[in-house]
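Subject: Structure handover, with notes on disulfides and helix packing

Dear colleague,

Please find below the structure I promised to pass on to you, together with its sequence. My notes on what was found follow directly after it.

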Amino acid sequence: MNLYVEDPQLGVRLQPGASMRFKPGGNPRTTIHVNASGYRGPDWPEPPQRREIVVVGDSQVFGLGVEDGEMLASRLAEKTGRPVIGAGVPTYGPREYLEVARELLVRRRPETVVVVLDFVDDPFELARANRERHAVWDGWAVRRETMPTEVTQFPGRGWLMSRSHAVYALRRWLYGRATNRYEAGGRLLDPGTPSEGSWEDLVPASLRAQAQEGAAAQVERRGASRAQVEAEDELRVQQDGKRALEEVLRAGDSEQFWRDEAGRPGDIVDGRMAVSGRSMARTAELFRHAVAVLETFRKQQRKLARAQAARLRELQAAAATLTESREAVMAELARSAPRLRPESVFAAYLAEFQALCASHGAELVVVALPLDVQVDGGEWAKYGVAQGPDMRSSQSLLTDLVAEAEALRIRSVDATAALRAAQPGAFLDGDFHMSARGHEAVAEVLAERLERPLPPRAPEPGLPQGTGYAPTQRAWEAAEAVPFAGWATGTAQHLGGWLKLRLSAADDVEPVREIEVIEGGSPAAMRMTTATGMTLVTPLVVGAPLTAHLYRLDGGGELQIRWQGERLQVEVTARPEAPERRLTFTRPPDALCRCDVCDEMWGDAALFPACEAAQTGAGEAVCEALLGCVRHDPLFAPVCPEGQVHAFASNACFTPCDEDNPCEKGRCTSWHGAAVCVSEG
């Protein structure tokens with residue numbers, strides 16, 4: 001395309017009002033129109049437009065090789081019924097997407113900004129501004145390395161060089177006479193320009209260092225062991241990857257290559273040297289090498305996870321230690337918990353982009369766009385490769401991007417499955433760009449994602465600062481008990497942010513059979529009924545009041561907790577107006593009876609199935625684990641079903657919720673940076 005003008009910030013822009021006919025390789029000829037705003041398609045309506053979507057990206061969003069009405073933005077508008085602005089420009093990368101969005105957020109005030117991250121080149125261009133990669137030469141955007149040091153200007157040069165077919169043919173003939181020195185074995189040498197980046201751009205710097213240093217450290221630390229063999233294998237994978245890259249490059253002195261190429265119009269006249277960049281074979285090798293490094297990281301994290309699981313089992317075996325020391329060890333475990341998913345190289349970029357959109361009241365949505373050979377290995381044939389490498393493992397790069405976006409609360413979609421379903425014909429012949437069929441497929445899956453909300457945020461693991469898990473039985477036995485009397489008698493204890501009430505009965509008084517917390521308390525509360533009374537254990541900070549209604553077979557009462565400094569004040573009075581309440585008693589599950597606690601009826605009966613399912617084996621150890629679980633001991637917490645999480649200082653499982661994902665039953669209750677559904681009562 002020769003529609004470019006220079007731009008000091010973005011490197012290039014499209015010339016407003018320009019148009020041309022364009023034919024990529026053996027694909028059909030298309031017509032390109034540039035509107036008055038400098039982007040492809042018809043002129044935009046005046047802002048603001050209700051619920052407008054802006055789509056930013058590179059040549060894929062621009063729709064290179066398809067008609068104006070077939071590009072992603074046009075198809076997305078048809079499927080959503082919303083106004084959609086396509087703001088893709090060939091040669092642009094992630095930094096330019098951000099700047100285009102910044103400009104249009106001010107000018108148009110859209111509701112949604114969609115950024116399409118094209119894995120053909122965007123990971124490599126993330127840290128390289130387009131002005132460092134491309135320049136304008138006679139209306140074409142060429143790589144900086146091929147730009148002449150100076151250009152002779154004369155009247156009419158712009159038209160002659162960009163529009164004359166005769167001049168173009170002459171340039172092509174002159175260039176073709178010299179290309180044999182750039183070929184080997186019938187293939188054009190592909191050294192790649194320095195501005196195009198390397199495999200290191202696909203892996204965060206911290207993980208590159210961690211993977212390489214960790215493998216080397218294992219060899220040194222463990223000697224001739226299995227760990228040494230594994231570490232050496234990991235290093236060998238990296239070395240093999242480097243050798244494979246060198247074999248693919250086969251270009252000798254890359255710097256000399258590009259010194260010779262300066263001022264030559266290969267980017268203009270030779271499709272093999274086009275602005276689309278290096279060959280797909282070389283890009284694939286970069287991907288495979290990066291994935292090998294990331295897999296080294298994953299192996300190390302899996303080993304760390306196994307070591308921490310062993311440490312947790314040690315803690316469970318020593319579960320009788322005091323609460324304070326247990327919490328210290330558990331906090332240390334939480335801080336050192338392994339991140340099993342490597343962060344994406346786009347992590348910081350996504351956060352920056354999200355903050356920009358949020359500052360203008362817009363939502364950011366991310367599309368991860370794969371290489372054609374990741375979608376379908378059959379696409380290798382169009383590049384003259386009989387049997388290309390298996391690219392399935394490289395899909396993890398897109399998976400990591402989507403996971404990173406979702407963790408930041410950014411709606412995102414991996415377009416791989418949609419493009420695979422659209423095969424054959426989702427891509428152009430002899431080119432990696434999407435066909436009209438591919439644009440249609442991506443628009444459909446993106447429209448569906450725009451309709452579907454993000455899943456609710458899960459609470460942070462562990463407990464908020466200043467709170468703790470319930471004390472152990474040994475700790476309670478050592479704590480001061482404050483006696484109280486009145487309508488009911490018993491004792492109250494406060495320890496580590498927890499209140500324990502023991503309601504007992506005199507010989508001639510009916511025991512309390514049920515307690516209903518009206519004020520204070522928490523979903524982490526535990527209730528246990530026995531033949532002689534009831535026990536309540538619930539989180540309660542110093543100074544916080546608690547009011548509870550008590551029920552006996554002969555009437556009701558009210559218990560109030562108040563404070564004098566840090567000392568408990570307990571008052572229990574009758575409630576003559578208390579409504580009649582039918583009290584039911586449920587026999588404990590058989591699992592508890594086997595542990596000799598059938599004389600107790602636990603209030604957290606719903607917790608038993610999860611706790612029982614989590615225990616294996618037999619004998620005393622199983623009973624200890626089962627009782628620890630139902631008493632909310634975090635060292636014996638069960639695994640929650642999919643879609644649920646632990647919340648509060650309990651071993652109960654709750655369903656996360658938010659405004660877009662309301663509770664089917666219960667109340668959406670805030671907890672530790674998110675919210676979960678808590679059943680009423």
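To begin with one pair of cysteines, Cys 663 and Cys 677 are both buried, and a disulfide joins the two, with an S to S distance of 2.1 Å. The torsion about the S-S bond of this link is -100°, and the link is left-handed. The pair connects distant parts of the chain, since Cys 663 sits in the loop between β25 and β26 while Cys 677 belongs to strand β27 (residues 674–678), 14 residues apart. Please keep in mind throughout that this is a predicted model, and that the values quoted here are computed from it.

A search of the whole structure finds 3 disulfides, and the other links can be described in the same manner. Cys 640 is joined to Cys 653 by a disulfide with an S to S distance of 2.2 Å. Cys 640 lies in the loop between α22 (620–630) and β24 (645–646), and Cys 653 in strand β25 (residues 653–654), so this disulfide ties together parts that are 13 residues apart in sequence. The torsion about the S-S bond of Cys 640 and Cys 653 is about -90°, and the disulfide is therefore left-handed. As for accessibility, Cys 640 counts as buried because its relative accessibility is 17%, under the 20% limit for that class, whereas Cys 653, with a relative accessible area of 21%, is partly exposed.

The remaining disulfide joins Cys 657 to Cys 668, with an S to S distance of 2.0 Å. Here the torsion about the S-S bond is 105°, and the link of Cys 657 and Cys 668 is right-handed. Cys 657 is found in the loop between β25 and β26 (667–671), and Cys 668 in strand β26, so the pair ties together parts that are 11 residues apart in sequence. Cys 657 counts as buried at 3% relative accessibility, while Cys 668, at 37%, counts as partly exposed.

I also looked at two helix contacts. In one of them, helix α3 (residues 94–108) packs with helix α14 (residues 347–359) at an angle of about 5°, and the axes are 10 Å apart; α3 and α14 are therefore roughly parallel to each other. On the α3 side, Pro 94, Arg 95, Tyr 97, Leu 98, Ala 101, Arg 102 and Leu 105 take part, and they meet Tyr 349, Glu 352, Phe 353, Leu 356 and Cys 357 of α14. The residues of this contact divide into 9 nonpolar, no polar and 3 charged. One of the α14 residues in the contact is Cys 357, which counts as buried at 0% relative accessibility.

The other contact is between helix α2 (residues 72–80) and helix α18 (residues 436–451), whose axes come within 8 Å and cross at roughly 45°. That angle makes α2 oblique to α18, and the crossing of the two helices is right-handed. From α2, Leu 72, Arg 75, Leu 76, Lys 79 and Thr 80 meet a set of α18 residues made up of His 439, Glu 440, Val 442, Ala 443, Glu 444, Leu 446, Ala 447 and Leu 450. The residues in the contact of α2 with α18 divide into 7 nonpolar, 2 polar and 4 charged.

With best wishes

Methods: Residues numbered from 1 in each chain as written. Predicted model: local features only at pLDDT ≥ 70, side-chain atom pairs only at ≥ 80, totals over all residues. Heavy atoms only, no water. Disulfide = S-S within 2.5 Å. Helix = DSSP H or I, 4+ residues; strand = E, 2+ residues; numbered from the N terminus. Buried < 20%, exposed > 50% of the residue type's maximum accessible area, 1.4 Å probe, protein only. Axes fitted to C-alpha atoms, helices over the stretch in contact; angles between N-to-C directions. Parallel < 35°, antiparallel > 145°, perpendicular 65-115°, else oblique. Contact = heavy atoms within 4.5 Å. Nonpolar A, V, L, I, M, F, W, Y, C, P; charged D, E, K, R; others polar. Left-handed = near helix turned anticlockwise from the far one by under 90°.
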